[in-house]
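Hi,

Here is the structure I said I would pass on. Have a look at it first, and my notes on what turned up follow underneath.

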Amino acid sequence: MTRWDRIAVGTGIAGVLLPLLLLVGAPQPARALAAFALLAFVPGFAVTRLIDLGSRAFDVVVAIAVSLALATAVSTGLLYLTAWSWGACVCVLGALTVASSAARLRQAS
Amino acid sequence: MASASAIPAVRTLRSVRPDVGYAVLGVLNTVLSCAAATTVSLPVSSDIGLGAVLPPAYWLGVVSLNVLFVTALCRGCRAWAPVLLLCCLVVTLYGAAAFASSAPRAEVAWRHIGIADAVIRTGHIDPGFDAYFNWPGFFALLAVVTKATGLPPVDLALWAPVANGLLWLGALALVVRQLTADRRRLWLTLWLFCLGNWIDQDYLSPQAFSYFLYLCVLALLIKYLGAQPAGRPSWRSAQLLAWWRSRAPTEPNAHRRLAALLVAVFLSAVITAGHQLTPFMLLASATALVAVGRCWSSRFPLLLAVMLVIWLVYPASAYLAGHPLLDGSGMDAGAAANLNNRLQGTPGHLDVVHLRMALTGVIWALAVVGIVLARRSRTLDLRPLVLAFAPFALLPAQSYGGEMLMRVTLFALPFMAFFAAGALLSTGWVHARWRAAGVAIVCTGLSVMMVTARFGNARFDMFTPAELEATAKMYEIAPDGALLIASAHPTPWRYREYEDHRSRTIEDICGPAPDPDGCSVLVVAAAKRNGVLLMSRSGDAALVMQGAMTADGLDRLKQQIGHQAGVVLVYQNTDARIYRIGPAEPEGS
């Protein structure tokens, strides 16, 4: 398994664990850290690994931007569907993270 | 052997020590400034704002940070030292109010908390309620962040300026890295951007979030979707078109170009769903880059325009029906809303307004010098030039509630700062040591101006615990459907039950410079016998400082309102009074 594969696996696991941690109601400050990781970094990082921008600085900043944008898009979509709940939102973000990580692993293999 | 092996270690220590020294001193200065800011007592009593009441230790820390940064810049240091110093600067400058008060500054941040709260409670949006619900993206995000983190939204709002400042710098660094290979110019551009940003749009707001995404999209456009035309342009139309068509992509990897385009389109879609103005700014900037042949994807502005139109005609149609897009357009209307209406008030407030104009003027003047020097040395890059001036295209299109000039200044600032940094670092005009001293003096002067300009409204936009207590009481007192009336917009209200109450201010009801006697009648009439009036210290200060009312007129108004039939004083503390406006009691009862 290459380093990039390990990162993709780690990101995928984070995509499962972070929503679980939030849904079971982890104590502070673990809850806040998990929420910020899921809403502001992990899904975007999975996407930037998948599309491979080839620049570490871009990977980090664009990962934050894409994560926040994904959280916005998912939450807004749920609002327009009148199905909004923060739990549903973090679950969808986790699923997107897992899907992107799986696609990255498939791409690598 | 031991001494021989120690030599590389000593060399490493020698090379590391200055960087570590800058970092340690930078952190110490930040701690000094922030500790000093915590000693400020509220309410701020000066019309000049927070700058007038911050203790000397705060300013000492600010001056030292600037000197440290310029020393680190001129002596050459590893990248992490300027990054750390920039973080210190953001915490020191943008976090000053958060250290001075545990309540978020500015009424709008409180209002945004209220909209996110409405989203959480209702789970849907009502586009007919107000403009915010037609561009709900940011509030949907804030609702998720609030619930998922479990943090109080007031704490999120308190530290939002620092978090947004850091995010903006990260995205801006990506942009500037594509414009120059000179690392000193990169760091100085970011530093000047922080010092020039008195505009105060980095609070918990859709503008702050979409500005971060805007900078990210620009970075993607410049790096991955950049283009370089062959040769120089000719002004004959046929040759100009041929020159434009001759452009070749600067990113050779087609896969990365496509990936960057997809990410840029997605971020643009989120910007479009979250903010009224930023998509238009992005459209202007992207179109300008395409027009000068420096963007490979000529279809990107077209895609953005289509997304914008779709959003306006469908999700935002409810708002657009009552608010035409070009309402308040034209240079005269824009000048009246953006300049004339702001150039009034108490002498202290006017000094702050003039200082803001001077700060922007200094940055712009340095930028012009930078442009001239770059042109003379034939190194003028068209990309930052068009990005600096593209936002001005929107100036005559909309007054944006009197804020368009400020927003244009914000969107132009990164590139004005880039040229200003070029002017300050240009070689040949003075000895390096004198130049360093000059840069340190300019940066120090700008930071003093910035803190004073940015927190110049602190008298009315920083709230005391008594005001917060009174606002909470107002919601306990207000019956369902009651009209909430505050003396002026700077009031920490609308953070709860956002959609349950209509709200207006005395200025909304009576207009500017009203007659106190007539105004008291209008206020009571507006409540239609079911209202709650909150007269708070901050609101009263805003009315007087911004020239809407004299202090005597305000006293007279308070007296008159208290004497109106059906108006009862139901609560008061040191900083606020609450009146219940109910049905007039029958004579003799």
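Strand β5(B) is mostly covered, with six of its six residues buried. Keep in mind that this is a predicted model. Both faces of β5(B) are covered: B:G531, B:L533 and B:M535 are buried on one side, and B:V532, B:L534 and B:S536 are buried on the other.

So what does β5(B) sit in? An open sheet of five strands in chain B, ordered β4-β3-β5-β7-β6, with mixed pairing. On one flank, β3(B) and β5(B) run parallel and share four bridges, and B:I485 has B:L533 in β5(B) as its bridge partner. On the other flank, β5(B) pairs with β7(B) in the antiparallel sense over six bridges; there, B:G531 is partnered by B:I581 in β7(B).

B:I581 turns up again one pairing further along, as the bridge partner of B:V567. That pairing, between β6(B) and β7(B) (residues 576-581), is antiparallel with five bridges.

Which strands stand at the edges of this sheet? They are β4 (503-505) and β6 (567-572) of chain B; each has a single partner strand, so one side of each is left without a neighbour in the sheet. On average, neighbouring strands are turned by 25° against each other, ignoring direction.

Two helices lie across the sheet. Helix α21 of chain B (residues 465-477) lies across β3 (483-486), β5 (531-536), β6 and β7 of chain B, at about 15° to β7(B). Helix α23 of chain B (residues 516-527) lies across β3, β4, β5, β6 and β7 of chain B and runs at about 155° to β3(B).

Now the domains. The assignment for chain B gives domain 1 (16-102) and domain 2 (463-581). Taken over C-alpha atoms, the centres of these two domains of chain B are 38 Å apart.

There is also a nonpolar core to look at. The largest one has 231 residues, and the members touching the most others are A:A65, B:A171, B:W191, B:F212, B:L213, B:L215 and B:C216. Domain 1 and domain 2 of chain B both give residues to this core, so it lies between them. If you want one residue to click on, try B:L215: setting aside neighbours within four places in sequence, B:L215 is in contact with B:W168, B:A171, B:L172 and B:V175. As a general background point, nonpolar side chains in soluble globular proteins tend to be buried together.

Last, the interface between the chains. Here 33 residues of chain B are in contact with 30 residues of chain A. On the chain B side, α6, α7 (153-179), α9 (206-223) and α11 (254-274) each supply at least two residues, and α6(B) gives the most, with 10 residues. By class, the side of chain B that touches chain A has 24 nonpolar, seven polar and two charged residues.

What does α6(B) meet across the interface? One helix there is α2 of chain A (residues 30-40): α2(A) packs with α6(B) (residues 137-149) at an angle of about 145°, with the axes 8 Å apart. From α2(A) come A:R31, A:A32, A:A35, A:F36 and A:L39, which meet B:V144, B:V145, B:A148 and B:T149 in α6(B). Sorted by class, this helix contact has seven nonpolar residues, one polar and one charged.

Cheers

Note on methods
Residues numbered from 1 in each chain as written. Chains lettered and ligands numbered in written order. Predicted model: local features only at pLDDT ≥ 70, side-chain atom pairs only at ≥ 80, totals over all residues. Axes fitted to C-alpha atoms, helices over the stretch in contact; angles between N-to-C directions. Contact = placed C-beta atoms within 7 Å. Nonpolar A, V, L, I, M, F, W, Y, C, P; charged D, E, K, R; others polar. Pairing = 2+ DSSP bridges. Core = buried A, V, L, I, M, F, W, Y, C linked by C-beta atoms within 7 Å. Buried ≥ 20, exposed ≤ 12 C-beta atoms within 10 Å, placed from the backbone. Domains from an automatic or database assignment.
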